[in-house]
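Visitor: Please bring up the entry. I have some questions about contacts and packing.

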Number of protein chains: 2
Amino acid sequence: MVKKEIQEQRIRGYFIEATKELLKGEGLKSVSVRNIADRAGYSYATLYNYFNDAKDLIFVCVKDFQVECAAFVRNETTPDMHGIEKIKAIINAYVKYFVQYPGIFELFFLEKVADISSKQSTIETIYYLADSLCYEEWAYCIAEKIMTKKESDSLKAQIRNEVAGLLLFYINRRQPEKYQDFVNLTQNQLNRILDR
Amino acid sequence: MVKKEIQEQRIRGYFIEATKELLKGEGLKSVSVRNIADRAGYSYATLYNYFNDAKDLIFVCVKDFQVECAAFVRNETTPDMHGIEKIKAIINAYVKYFVQYPGIFELFFLEKVADISSKQSTIETIYYLADSLCYEEWAYCIAEKIMTKKESDSLKAQIRNEVAGLLLFYINRRQPEKYQDFVNLTQNQLNRILDR
DNA sequence: TTGGATATATTAACAGTGTTAATTATATTA
DNA sequence: TAATATAATTAACACTGTTAATATATCCAA
């Protein structure tokens, strides 16, 4: 019965949409089983007919947000840039996305995952998201002999960790306090890593 | 009445000690008002006679753990080292401390704080902890003209964010999976930042 | 179209969380 | 010792996630 599957997917979609709205709006703290179900127009227990548990549902949203983040980055950057400068622009947009949606940052990096092994692939795509957004540009840099493959791998890791740390302190600890200071710090650190 | 204050401080200490044990042992997830009170030998409501709320109590532990972390670092590093190499050794010990006590990492960097302004100073000391552990060595590097003050500030920020990111991914996302890979990555990144 | 089977949705319940108010027990002081 | 002040406890409330039992649709054959 394909009809059943369509309907089932549709209802799953309602729950996912409700969860995404809550995450983008009020943030992770207001994402509860009852809140989600209310917004989706179902009882709280109905959720368990479509998802193993709450964490499962929450993590389903990750993939959608990754796509959205990629679109956001494309929209914030110009296609006539290349190499190092483009990488900087992409990372800046990437950072901007999470500052705009702190709830999504929490979901991607802070949210505890009970069974980490079952969500391994999702976690890996989060881990490598910044890398993959810059994929063509790293390739460009290597092709143009701006850097070696080995160097690019080292730089990727550095940016990955540096940016995660910057966002962690700013979003979760309001450190630095002012947004402009955060932007400047991010800029300085990116330049430090990429301009040699 | 000084007697009262001594007694009051003593009981506060019992709650703090219980919380610290839970944090170091089972981690943040098992730190609840009722768990703490049980371990301290009081009823759960008694806690509210000595602390404003649960978060308050949990954050009181931060200062103790900072002292412990500093002692751990002193113990893990030799006093006959100086400058860049000593900084590397200190940061390695700092990282090791949080890997050993993931619950303390959660408390320092992940735990949500409702009223961040009232805990501003605590949060700042967390933010600058890695810097302060290396205080003498940064001064040494500047005095020996190994780097300028401005360069050292930039390096401090870089290490701060890089290390936070590394720990965040490893402790919270098991990324990389194997401890040895994490150690190697940390080593590589530290060398990259500090060896120029 | 109706009756029975199946699938889906809902309510009730449990064990947990933080927090507050009312109550009980303890200590201090007149 | 009696009255008062202080401290500790229990009861209660509003939440949380999750499961089992119940109610309500849906579907398919007679």
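Visitor: Which A residue has a side-chain N or O atom 3.4 Å from a base nitrogen of DNA strand C?

Guide: This is a predicted model, where local features need pLDDT of at least 70, side-chain atom pairs count only at pLDDT 80 or more, and totals for chains, interfaces and linings use all residues. Residues are numbered from 1 along each chain as written, chains are lettered from A and ligands numbered from 1 in written order, and side-chain values use heavy atoms, without hydrogens or water. A polar contact here is a pair of N or O atoms within 3.5 Å. The residue with the 3.4 Å pair is A:Arg34.

Visitor: What does the side chain of B:Ser32 approach on DNA strand C?

Guide: A:Tyr44 puts a side-chain N or O atom 3.1 Å from a base nitrogen of strand C. For B:Ser32, the distance is 3.0 Å, and the partner is a phosphate oxygen.

Visitor: How many residues surround DNA strand D?

Guide: A residue is near a strand if one of its heavy atoms lies within 4 Å of it. A:Val33 uses a backbone N or O atom, 2.8 Å from a phosphate oxygen of strand D. By class, the surface splits into twelve nonpolar, four polar and four charged residues. The number around strand D is 20.

Visitor: How many atoms, as a percentage, do sugar and phosphate account for among those of DNA strand C within 4 Å of the protein?

Guide: Strand C is surrounded by 19 residues, with A:Ser43, A:Thr46, A:Tyr50, B:Val33 and B:Arg34 closest. Sugar and phosphate account for 51%.

Technical notes. Polar contact = N/O pair within 3.5 Å; in protein donor to acceptor, adjacent residues only side chain to side chain. Nonpolar A, V, L, I, M, F, W, Y, C, P; charged D, E, K, R; others polar.
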